[in-house]
Amino acid sequence: MTKLRVECVQGDITQQPDMDAVVNAANARLMPGGGVAGAIHQAAGPGLAQECQALAPIRPGQAVISGGHALPNRYVIHCLGPVYGQDEPSDQLLGNCFRHALGLADEHGLRSVAFPAISTGVFGYPIKEAAAVAVAAVVDEGAALNSVALVRFVLFSDSDREVFQRALEASGYD
Ligand code: ADP
């Protein structure tokens, strides 16, 4: 088992061709929407929504896996983050998204997974709190993984990337 590498980059989750899977900040019905889900479904094409019909609905904290369709990635892992101030306990539900997504990736023998900042868009999670939860969950689950060797946080803005980078440094993980 190699030690998990964790990195934070600024970018677009649909433009990560070197990753085995990208994670979708999905809605419960796994349908196209705004933000990450809109971008992923647009890039993947209509086959993704068709495949997702059989996997929906999902609950906050849950993750399911589908093919990547027209995306450059073999798989998409769909997670439903908690709506901040509504789905409780929000930290546990948000952490579950990362843990369950990594567990699924490992079961499928994947080596690399890219995550967006789940719940920090329409779902209203403050970025600093979300970064701390995401980093802690990935570092924690990372110790139990066999095949996953690289996790990349892909943040839409450079200021969000800095927040995630600081959370990673604060966790003592390098
Ligand atoms: P949620 O509904 O879980 O809050 P959103 O898709 O609304 O999910 O947003 C989650 C985060 O992803 C936000 O920080 C948003 O800025 C960011 N984001 C939106 N589009 C993209 C994209 N194409 N690639 C990476 N991050 C994105």
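Is the crossing of H4 and H5 right-handed or left-handed? In this predicted model, the two helices cross in a right-handed manner. The pair is a good place to begin a tour of the fold.

Two packed helices are described by the angle between their axes and the distance between the axes. For helix H4 (residues 127–142) and helix H5 (residues 158–170), the angle is about 45° and the axes lie 9 Å apart. Since angles under 35 degrees count as roughly parallel and those from 65 to 115 as roughly perpendicular, H4 is therefore oblique to H5. On the H4 side, the contact is made by Ile-127, Lys-128, Ala-131, Ala-132, Ala-134 and Val-135, which meet Asp-160, Val-163, Phe-164, Ala-167 and Leu-168 of H5. Sorted by character, the residues of this contact comprise nine nonpolar and two charged ones, with no polar residue among them.

Attention now turns to the sheet. Six strands build an open sheet with mixed pairing, and their order across it is S1-S6-S5-S2-S4-S3. At its edges are strand S1 (5–10) and strand S3 (63–67), each of which pairs on one side only. From one strand to the next, the twist averages 25°.

Within the sheet, strand S2 (residues 21–25) and strand S4 (residues 75–79) run parallel and are joined by five bridges. To follow one of these pairings in the structure, start at Val-23, whose bridge partner in S4 is Ile-77. Strand S4 also takes part in a contact with a helix: helix H2 (residues 46–53) lies across S3 and S4. Relative to S3, H2 runs at about 135°.

How values were computed
Residues are numbered from 1 along each chain as its sequence is written. This is a predicted model: local features need pLDDT of at least 70, side-chain atom pairs count only at pLDDT 80 or more; totals for chains, interfaces and linings use all residues. Side-chain values use heavy atoms; hydrogens and water are left out. Two strands pair if DSSP finds at least two bridges between them. Helices (H or I, at least four residues) and strands (E, at least two) are DSSP runs, numbered from the N terminus. Axes are lines fitted to C-alpha atoms, for helices over the stretch in contact, and angles run from 0 to 180 degrees between N-to-C directions. Contact means heavy atoms within 4.5 Å. Angles under 35 degrees count as roughly parallel, over 145 as roughly antiparallel, 65 to 115 as roughly perpendicular and the rest as oblique. A crossing is left-handed if the near helix is turned anticlockwise from the far one by less than a right angle, and right-handed if clockwise. Ala, Val, Leu, Ile, Met, Phe, Trp, Tyr, Cys and Pro count as nonpolar, Asp, Glu, Lys and Arg as charged, and the others, Gly among them, as polar.
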